[in-house]
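Open the structure in a viewer and follow the selections below in order. Each stop says what to select and what is found there.

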Amino acid sequence: MAVSELLAGLGAGVVVNGRDEEAAAQAAQHIPGAVCHPGSPADPAVADALVQTCAREFGRIDIVINCAGTAEPAGSSILTVTSEQFHDLLDAHLSTAFEMCRAAAPRMAEQRSGAIVNTSSFAYLGDYGGTGYPAGKGAVNGLTLAVAAELKEYGVRANVVCPGAKTRLSTGPDYESHIAELNRRGLLDEVSTQGALDAAPPEYVAPTYAYLVSDLAEHVTGQIFIAAGGFVGRFDRPTPAIIAYRDHHDSPPWSIEEIAAKFRALAV
């Protein structure tokens with residue numbers, strides 16, 4: 001909601017979406033000129049309707065911000081998660097982003113302008129436990145990089161924000177117990193633990209989203225950014241590091257022993 005409020009204050013027309021119709025309507029009431037269209041964008045029909053609503057109400061669609069997700073079931077891990085739970089989590093995190101990108105991209109490509117910002121999470125690194133949440137957020141990163149590459153020639157940009165903010169998903173005794181347990185298990189260090197328990201309000205994250213959809217970021221695309229309180233950062237694009245090489249045209253495949261020796265050398 002903080003992002004929508006900021007963009008509306010900067011003059012953008014806003015269409016508010018949420019799976020909970022009442023919550024979405026209440027949010028829209030606090031944003032001047034906003035229009036509410038509830039439903040899950042993971043449903044292609046809802047995603048299409050959202051884009052159509054924006055075009056009808058405001059004449060065009062220039063910005064798509066996907067900020068959707070749901071918490072991993074309490075205590076969930078690869079040892080306990082069900083297939084149904086895993087697919088539900090992928091639906092909430094990945095399918096919503098994909099369907100909105102799919103629905104908006106043709107219009108943006110035709111007008112040769114537009115900005116998409118998808119929301120990921122530090123959790124994609126696996127440090128916060130679970131399976132479907134990190135898998136979904138990691139997939140959002142890959143999706144966004146692909147969308148950015150495909151739409152660059154049309155002048156359409158796509159980036160990711162990994163926010164750190166105090167929301168309903170990161171508040172309460174269950175969340176605090178979860179973070180403490182991750183720290184006990186050694187998944188989260190002390191700095192990350194304290195940051196998770198003392199996150200800043202969403203208003204500290206919103207300016208990064210607003211920057212990425214503005215003309216100030218006209219040359220920024222295919223990047224994964226971090227916005228957490230006063231910390232703004234970026235994940236470097238992964239690049240392969242050469243461990244060993246030989247030309248396959250005149251050399252046999254590496255033996256298992258040779259590969260093991262190369263990897264052992266990395267630990268020295």
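Start with residues 173-184 and 190-197 of this predicted model. These are helices α6 and α7, which pack at an angle of about 175° with their axes 10 Å apart. Angles over 145 degrees count as roughly antiparallel, so α6 is roughly antiparallel to α7. To see the contact itself, show side chains on both helices. From α6, Tyr175, Glu176, Ile179 and Asn183 take part, and they meet Glu190, Thr193, Ala196 and Leu197 of α7. By type, the residues of this contact are 4 nonpolar, 2 polar and 2 charged.

Next, select the strands β3 to β7. They form an open sheet of 5 strands in the order β3-β4-β5-β6-β7, and the pairing is mixed. Which strands are at the edges? They are β3 (63-66) and β7 (231-235), each of which pairs on one side only. Ignoring direction, neighbouring strands in the sheet are turned by 20° against each other on average.

Within the sheet, pick out β5 (residues 156-164) and β6 (residues 224-228). The two run parallel and are joined by 5 bridges. Valine 161 is a place to centre the view: phenylalanine 225 in β6 stands opposite.

Now add helix α4, residues 83-111. This helix packs on the sheet and touches β3, β4 (114-119) and β5. The direction of α4 makes about 175° with that of β3.

Move on to the loop between α4 and β4, and select arginine 112 there. Phi of arginine 112 is near 60°, a positive value in a residue that is not glycine. Most residues other than glycine have a negative phi.

For the interior, select Ile61, Val64 and Ile116. These have the most contacts inside the largest nonpolar core, a set of 22 residues. Two or more residues of this core come from each of α3 (44-58), α4, α5 (132-151) and β5. Which element gives the most? It is α4, with 7 residues.

Stay on isoleucine 116 and show its surroundings. Leaving aside residues up to four places away in sequence, isoleucine 116 touches Val64, Cys101, Met108, Val147, Leu151, Arg157, Ala158 and Asn159.

Finish with the second core, which is separate and has 17 residues. Tyr209, Ala210, Leu212 and Val220 are among them.

Terms used
Residues are numbered from 1 along each chain as its sequence is written. This is a predicted model: local features need pLDDT of at least 70, side-chain atom pairs count only at pLDDT 80 or more; totals for chains, interfaces and linings use all residues. Side-chain values use heavy atoms; hydrogens and water are left out. Axes are lines fitted to C-alpha atoms, for helices over the stretch in contact, and angles run from 0 to 180 degrees between N-to-C directions. Helices (H or I, at least four residues) and strands (E, at least two) are DSSP runs, numbered from the N terminus. Angles under 35 degrees count as roughly parallel, over 145 as roughly antiparallel, 65 to 115 as roughly perpendicular and the rest as oblique. Contact means heavy atoms within 4.5 Å. Ala, Val, Leu, Ile, Met, Phe, Trp, Tyr, Cys and Pro count as nonpolar, Asp, Glu, Lys and Arg as charged, and the others, Gly among them, as polar. Two strands pair if DSSP finds at least two bridges between them. A nonpolar core is a set of buried Ala, Val, Leu, Ile, Met, Phe, Trp, Tyr and Cys residues joined through side-chain atoms within 4.5 Å. Buried means under 20% relative accessible area, exposed over 50%, partly exposed in between (1.4 Å probe, protein chains only).
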